[in-house]
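Work through these exercises with the sequence and the model side by side. Try each task before reading its solution.

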Amino acid sequence: QVQLLESGGGLVQAGGSLRLSCAASGRSFSSYVMGWFRQPPGKEREFVGRISWSGDLTAYVDSIKGRFTISRDNAKNTVYLQMNSLKPEDTAVYYCAARSTWLGGEYVSWGQGTQVTVST
């Protein structure tokens, strides 16, 4: 399995931007579909979006469409989450995860999470 480490979280004002990174170690990063999830304070973890093995396909939850973009660089074993026009309700711990399938299936590797706080 691949090991994942998120970075790039922090405190930002509403309307601002952040880019999260998720660095993978281990082999065959390009064989994984990469997902981003978030867990707001006091709430369940929720799906944010995912990107296919080569990066040609993406899927997002409706609440962030048009504001967040997922990309990946397989040469750097890294997946990114660009977050623009941030809102206070985007405050959460953000996690990246890996699985082998596009539709369905379990995410088999998870990062430790990175905190994003959006102030008013």
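**Exercise 1.** Which residues of strand β7 (residues 68-73) form the covered face, and which the uncovered one?

*Solution.* The model is predicted. Start with a general pattern. In a regular strand, side chains alternate between the two faces of the sheet. Now go along the strand. Phe-68, Ile-70 and Arg-72 make up the covered face of β7. Thr-69, Ser-71 and Asp-73 make up the uncovered face.

**Exercise 2.** Find the strand that β7 is joined to, and describe the connection.

*Solution.* Step one: the partner is strand β8 (residues 78-83). Step two: β7 and β8 run antiparallel and are joined by six bridges. Step three: pick one pair. Arg-72 has Val-79 as its bridge partner in β8. Step four: look at the turn. β7 and β8 form a hairpin, with four residues between them. Asn-77, in that turn, has a positive phi of about 55°.

**Exercise 3.** Place β7 and β8 in their sheet, then identify the edge strands.

*Solution.* Take the order of the strands to begin. The sheet is open, has four strands and reads β1-β3-β8-β7. Its pairing is antiparallel. Next, check the ends. β1 (3-7) and β7 each have a single partner strand, so one side of each has no neighbour in the sheet. From one strand to the next, the twist averages 20°. Finally, look at β3 and β8. They pair in the antiparallel sense over six bridges. Here Arg-19 stands opposite Gln-82 in β8.

**Exercise 4.** Locate the disulfide and describe its geometry and surroundings.

*Solution.* The count is one disulfide. It joins Cys-22 to Cys-96, with an S to S distance of 2.0 Å. The pair links distant parts of the chain, 74 residues apart. Cys-22 lies in strand β3 (residues 18-25), and Cys-96 in strand β9 (residues 92-99). The torsion about the S-S bond of Cys-22 and Cys-96 is about 60°, so the disulfide is right-handed. Now test for burial, where the cut-off is under 20% relative accessible area. Cys-22 is at 0%, so this residue counts as buried. Cys-96 is also at 0% and is buried.

**Exercise 5.** Which residues have the most contacts inside the largest nonpolar core, and which elements give two or more residues to this core?

*Solution.* The largest nonpolar core has 27 residues. Met-34, Trp-36, Leu-81, Met-83 and Tyr-94 have the most contacts inside this core. The elements giving two or more residues are β3, β4 (33-39), β5 (46-51), β7, β8, β9 and β11 (114-119).

Conventions. Residues numbered from 1 in each chain as written. Predicted model: local features only at pLDDT ≥ 70, side-chain atom pairs only at ≥ 80, totals over all residues. Heavy atoms only, no water. Disulfide = S-S within 2.5 Å. Buried < 20%, exposed > 50% of the residue type's maximum accessible area, 1.4 Å probe, protein only. Pairing = 2+ DSSP bridges. Axes fitted to C-alpha atoms, helices over the stretch in contact; angles between N-to-C directions. Core = buried A, V, L, I, M, F, W, Y, C linked by side-chain atoms within 4.5 Å.
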